[in-house]
Amino acid sequence: MKIRVALGFAIALIAGLTAAAQQPPAAPAPAPAGQAAAPAPPAPPRTPRTIAPIDITEDWRWRMLTPPKGDYASVPINDEGRRVADAWNLSKDEAGGLACKPYGVGNIMRMPGRMHITWQDDTTLKLEFDAGTQTRLLNFANRAPAPGAKTQKTWQGYSAADWEIAGQSVAVDRNGIPVPPPAGRGGRGGGGGGRGAAAPPRGGALHVVTTNFREGYLRKNGVPYSETATITEYFDKVGPEPNGDVVLLVRTVVEDPKYLQVPFITSTHFKLEKDGAKWNPSPCKIDPPVEVPAKP
């Protein structure tokens, strides 16, 4: 089975208003003595864009561009995470051979690009990314590397996967996050076969927990996650839609007490493409951060 999916994102950026645009209109000049004051100009009409309480435009300024150093809005980093992010130096990373730090497992799903999914064997899914030419292996047979195997940390780490089958019960923790099954199980929940058993349910989701990875960046501008973090993902297939589109939704939960106050949760969507014509592998490369105009 081969699946090629492409990162979907809005073409038009629906950014928040700039500080200047949010300022109220200037008050009219006082009228000369003896003359009536001119009526104030009407306020501009309020629109859904101007009153939006949140930005739901796929984090454009953090994903499509390299934001300025210190721009870590919406990431719940703690004081240590802020210290590391404020010390980020792109030139130093490139000179040290660390250009792939934003392409690690903690952020690879958020990098603009395409993902190619195939079965490497009966118990291993292979995820290839053209962004940074990265490869991930999702292991169904084992929850951890085999004893005696090399455990050198890599950008993508070791990913243990299992299916959440529709109709089966799933144990969750107090935060509602599914609890991994015992070692050696490739699926979840109860329900057995046997005489008179109902037909197996169709549908479900993929659950992945990744460990044993190198320290990386949650964003291109050096917002860190540590080697001791735990990264959990949930893959859900949606569609086909009325127009035929099939979408893969990936929810990523990064838990990192070293740099984060609470788990950092993002959702990313990919759209299935009919072939690999747009596949374009490229090496790890980060553009210089955007420049913020100086305030007048």
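Here is a short chat about salt bridges in this predicted model.

Visitor: How many salt bridges turn up in a search of the whole structure?
Guide: The search finds 5 of them. Let's take a few.

Visitor: Why is the contact between Glu 80 and Arg 83 called a salt bridge?
Guide: The cut-off is 4 Å between a side-chain nitrogen of Lys or Arg and a carboxyl oxygen of Asp or Glu. Here the closest N and O atoms are 2.6 Å apart, so the pair qualifies.

Visitor: Where do Glu 80 and Arg 83 lie?
Guide: Both sit in helix H3 (residues 79-86), with their positions 3 residues apart in the count, about one turn of the helix.

Visitor: What makes Glu 80 partly exposed?
Guide: Its relative accessible area is 32%. Partly exposed runs between the 20% and 50% limits, so Glu 80 fits that label.

Visitor: How do you know that Glu 94 and Lys 285 form a salt bridge?
Guide: Their closest N and O atoms are 3.4 Å apart, and that is within 4 Å, so the name applies. This pair links distant parts of the chain: Glu 94 is in helix H4 (residues 90-95), Lys 285 is in the segment after strand E11 (264-272), and they are 191 residues apart.

Visitor: And what ties Glu 273 to Arg 114?
Guide: Their side chains meet in a salt bridge at 3.0 Å, N to O. Glu 273 lies in the segment after E11 and Arg 114 in strand E2 (residues 114-121), so parts 159 residues apart in sequence are tied together.

Visitor: Why is Glu 273 called buried?
Guide: Buried means under 20%, and Glu 273 has 18% relative accessibility, so it counts as buried. Arg 114, at 22%, counts as partly exposed.

Technical notes
Residues numbered from 1 in each chain as written. Predicted model: local features only at pLDDT ≥ 70, side-chain atom pairs only at ≥ 80, totals over all residues. Heavy atoms only, no water. Helix = DSSP H or I, 4+ residues; strand = E, 2+ residues; numbered from the N terminus. Buried < 20%, exposed > 50% of the residue type's maximum accessible area, 1.4 Å probe, protein only.
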